[in-house]
Amino acid sequence: MSVTVRFAPSPTGFIHIGNVRTALFNWLYALQSGGQFVLRYDDTDVARSKTEYAEQIAKDLQWLGIEPHRVEYQSKRMASYDEAAQKLKDAGLLYPCYETADELERRRKIRLGRKLPPLYGREALKLTQEEKAAFDAEGRKPHWRFLLPNFESDPFTTKRTEIVFDDAVRGRQAVDLASMSDPVLIREDGTYLYTLPSVVDDIEMGVTHIIRGDDHVTNTGAQIAIFEAMGAKAPQFGHHNLLTTISGEGLSKRTGALSIKSLEEIGYEPMAVNSLAVLIGTSENVFAVPDMAALSERFDIASTTKSAAKFDPAELDGLNETLVHALAFDDVKERLGAAGVDISDPRAQDFWTLIVKNLKKVTDAGEWWPIIASAKANDATLEGEDLEFARSAFDYLPEGEINDQTWKSWTDTLKEKFGRKGRGLFMPMRIALTGRAWGPELADLLPLLGREEILARRP
């Protein structure tokens, strides 16, 4: 059987690293099996779905290295959902309910007061045709519920009805249909909730595996029942753990927390995001994986733990730094140009080799280029004896070509002349040459500056 998976985001905001965890799990599973990855926009919420969000989701996935084999929009498939809904109505499995939100809330409180579970009591099934016509006449629109198969003959006498499925992450799972209300599939305004379009699409698109967050585990029983009501076999499910913030809060598209768009804009490497999003909350050690192929080799959906995983941006920083330090000049040439580095300058490649070990992000190189190419920074200053020492030190710059031995020769002389060593010698010279108290090896920096520029930086 050919594997087909899907990622079905709602284009109602910018997707975050928690959403991408699901996308990556599906993408890597497809890679491992030689299967197909479907990007399916759940855009039936007309009021909140926006084209710009869908376009950004596509850009985010491309940046991360996820390339859908097929792209679908639920908003373009309404005819299929209408057909499925009619099929369920004709079978008596989708029934109209006229209760208002206030009426449902009152019933819920009454059941809780009687120490009963707050389940829908299927009162709408008792409505006569005359009562339904009266509601219609007064302009009340029904919502439609799916009748769960949790009874023998009388829908008002439910019995324990287990839906059992083998979860690719969590193992054997059992959901009792008698413990839940009949799910609403169609709103009062005629629009569809997620459930029915999702089942219809999974059937028609040949989805074989549904990999998603474990907040959907309890939905699975009802969805399997709908698959069977539609005459189809449900795909295999796999529910992975969710990501939270470091403080334990859930991630939300509404707040924009840790959105992929913002992580790209900050300057993170896509594989830093991918590595952390996939490996955190699994039995694997979290480390910087260089590419998707290598990540696919490390990925094992069954190794996912059952508890939520906390996403720590500090871990992302460490992974990003590791990846940046391994990048060659040709890997980053275009990005360096965008960051303000003059890549036509003959010194550009040597500059990258010099500075890369001091960078956390590629874009940080843009801050260093002016220090190398034109003038030192003003981040640190010299005073007192350190200032006098640095001024005098420039008188002892060795003659001849400035090369990788110049710094050693210069500092040997300064130690002898001034009796300084260690930080007392190196730090004033670093500040004098770069205007910063940290940075690349000065032995490698001097040849890039050249004699004229070095002497021009005398404090």
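**Helix packing and selected residues**

Leaving aside residues up to four places away in sequence, threonine 218 touches Val175 and Met180. The model is a predicted one. Threonine 218 belongs to helix H7, which covers residues 217-229. Its relative accessibility is 55%, so threonine 218 counts as exposed, the cut-off being over 50%. Methionine 427 is 209 residues from threonine 218 along the chain, and the C-alpha atoms of the two are separated by 61 Å.

Methionine 427 falls within the range of helix H17, residues 423-434, whose axis comes within 11 Å of the axis of helix H16, residues 406-418. The two axes cross at roughly 125°. That angle makes H16 oblique to H17. The crossing in which H16 passes H17 is right-handed. On the H16 side the contact is made by Trp407, Trp410, Thr411, Leu414 and Lys415, and on the H17 side by Leu425, Phe426, Met429 and Leu433. By class, these residues divide into seven nonpolar, one polar and one charged.

H17 also takes part in the packing around helix H14. In H14, residues 365-373, the buried residues are Ala365, Gly366, Trp368, Trp369, Ile371 and Ile372. They pack against H17, and also against helix H12 (329-338), helix H13 (348-355) and helix H18 (442-456).

A second helix pair is formed by H9 and H11. The axis of H9 and that of helix H11, residues 313-325, come within 9 Å and cross at roughly 130°. An angle of 65 to 115 degrees would count as roughly perpendicular and one over 145 as roughly antiparallel; H9 and H11 are therefore oblique to each other. Their crossing is right-handed. H9 contributes Met271, Ala272, Val273, Ser275 and Leu276 to the contact, while H11 contributes Glu315, Leu316, Leu319, Asn320 and Leu323. The contact of H9 with H11 has seven nonpolar, two polar and one charged residues.

One of the H9 residues in that contact, serine 275, can be followed further. Serine 275 sits in H9, which runs over residues 270-279. Is serine 275 buried or exposed? Serine 275 has 0% relative accessibility and therefore counts as buried. A polar atom of its side chain lies 2.6 Å from the backbone oxygen of methionine 271. Beyond residues up to four places away in sequence, serine 275 touches Ile280, Phe287, Ala288, Val289, Leu295 and Leu319. Proline 290 is 15 residues from serine 275 along the chain, with 8.5 Å between the C-alpha atoms of the two.

Threonine 304 lies outside the helices, in the loop between helix H10 (292-298) and strand S12 (309-310). Threonine 304 has a relative accessible area of 5%, so this loop residue is buried. Its side chain reaches the backbone oxygen of isoleucine 301 at 2.9 Å. Which residues does threonine 304 touch, not counting residues up to four places away in sequence? They are Arg21, Phe25, Val169, His240, Asn241, Gly281 and Thr282.

Another loop, between helix H4 (101-113) and helix H5 (129-137), holds lysine 115. Arginine 122 is also placed in the loop between H4 and H5. Lysine 115 is not a glycine, although its phi is positive, at about 60°. For arginine 122, likewise a residue other than glycine, phi is positive and near 60°. As for accessibility, lysine 115 is exposed, with a relative accessible area of 78%, whereas arginine 122 is buried, with a relative accessible area of 4%.

The last helix pair is H3 with H6. Two packed helices are described by the angle between their axes and the distance between the axes. For helix H3, residues 78-90, and helix H6, residues 195-204, the angle is about 105° and the axes are 10 Å apart. H3 and H6 are therefore roughly perpendicular to each other. Ser80, Tyr81, Ala84, Ala85 and Leu88 make the contact from H3, and Leu196, Pro197, Val200, Asp201 and Glu204 make it from H6. Sorted by class, the residues of the contact of H3 with H6 are seven nonpolar, one polar and two charged.

Conventions
Residues are numbered from 1 along each chain as its sequence is written. This is a predicted model: local features need pLDDT of at least 70, side-chain atom pairs count only at pLDDT 80 or more; totals for chains, interfaces and linings use all residues. Side-chain values use heavy atoms; hydrogens and water are left out. Axes are lines fitted to C-alpha atoms, for helices over the stretch in contact, and angles run from 0 to 180 degrees between N-to-C directions. Helices (H or I, at least four residues) and strands (E, at least two) are DSSP runs, numbered from the N terminus. Angles under 35 degrees count as roughly parallel, over 145 as roughly antiparallel, 65 to 115 as roughly perpendicular and the rest as oblique. A crossing is left-handed if the near helix is turned anticlockwise from the far one by less than a right angle, and right-handed if clockwise. Contact means heavy atoms within 4.5 Å. Ala, Val, Leu, Ile, Met, Phe, Trp, Tyr, Cys and Pro count as nonpolar, Asp, Glu, Lys and Arg as charged, and the others, Gly among them, as polar. Buried means under 20% relative accessible area, exposed over 50%, partly exposed in between (1.4 Å probe, protein chains only). A polar contact is a pair of N or O atoms within 3.5 Å; within protein, one must be able to donate a hydrogen and the other to accept it, and residues adjacent in sequence count only if both atoms are side-chain atoms.
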